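Q: Please take a close look at a single part of this model, working outwards from one residue to its surroundings. Kindly state the cut-off behind each term as it is introduced.

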Amino acid sequence: MTPVNRRSVLLGLTAAATLPALTARAATNHNVAIQSMKFAPADLRVAVGDTVTFTNMDSAPHTGSAKDGSFDTGRLSKGQSGTVKIGAAGDHAYFCKVHPNMKGVIRAG
Ligand SMILES: [Cu+2]
């Protein structure tokens, strides 16, 4: 192998190793406010791997708890936030464990 050819091979290997890093999508954080006994937005679209931060603005404690068990903020007091990672594709319906009539959905695809 001549010196020129060896350099071409090395450049090719470097490009191949760098490409996945360039094409990988950075995870996005989304925000859901919990206010007046409602999730806002109650219907949120995200990408798999994104995170969602729930912030409780109410005096009452709340949770953001997936029906499928894929995420749960735990109990949030007024002013507290909880961040969860959405690791699986699909529509994840969620509710508040303190007030089960409070509902929302996170759609990951
Ligand atoms: Cu609640």
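A: Strands are DSSP runs of E with at least two residues and helices are runs of H or I with at least four, both numbered from the N terminus. The model is a predicted one, in which local features need pLDDT of at least 70 and side-chain atom pairs count only at pLDDT 80 or more, whereas totals for chains, interfaces and linings use all residues. Residues are numbered from 1 along each chain as its sequence is written, and side-chain values use heavy atoms, without hydrogens or water.

The part chosen is N56, which belongs to strand β4, spanning residues 51-56. N56 counts as buried because its relative accessible area is 0%; buried means under 20%, exposed over 50% and partly exposed in between, with a 1.4 Å probe and protein chains only.

Two backbone oxygens lie close enough to the side chain of N56 to be listed as polar contacts (N or O atoms within 3.5 Å, one able to donate a hydrogen and the other to accept it; residues adjacent in sequence count only through side-chain atoms on both sides). The backbone oxygen of A60 is 2.8 Å from a polar atom of that side chain. For the backbone oxygen of S77, the corresponding distance to a polar atom of the N56 side chain is 3.5 Å.

With neighbours within four places in sequence set aside, N56 is in contact with I34, P61, H62, L76, S77, K78, G79 and Q80, contact meaning heavy atoms within 4.5 Å. Two of these partners lead to further parts of the model.

H62 leads to the metal. H62 (ND1), C96 (SG) and H99 (ND1) are the protein donors of the copper ion, at 1.9 to 2.1 Å; donors are N, O and S atoms within 2.8 Å of the metal (3.2 Å for Na, K and Ca), and sites may look incomplete because water is not among the atoms. Along the chain, the spacing of the donors is H-x33-C-x2-H. C96 has a relative accessible area of 0% and is therefore buried. H99 also counts as buried, at 16% relative accessibility.

I34 leads to strand β1, which covers residues 29-35. In a regular strand the side chains alternate between the two faces of the sheet. In β1, H30, V32 and I34 point to one face and are buried, while N29, N31, A33 and Q35 point to the other face and are not. β1 runs parallel to β4, the strand that holds N56, and six bridges join β1 and β4; strands pair if DSSP finds at least two bridges between them. One of the bridge partners in this pair is T53 in β4, matched with N31.

β1 also runs antiparallel to strand β2 (residues 38-40), to which three bridges join it. A33 stands opposite A40 of β2. Two residues separate the strands in this hairpin, where S36 adopts a positive phi near 55°.

Elsewhere, four strands form an open sheet with mixed pairing, in the order β3-β8-β7-β5. Its edge strands, β3 (43-46) and β5 (65-66), each pair on one side only. β3 pairs with strand β8 (residues 103-108) in the parallel sense over four bridges, and D43 has V105 of β8 as its bridge partner.

As for the chain, it holds one helix and eight strands, with the helix ahead of the strands in the order α-β-β-β-β-β-β-β-β. Of its 109 residues, 31% are buried. Among contacts between residues at least 6 apart in sequence, 48% join residues at least 24 apart.
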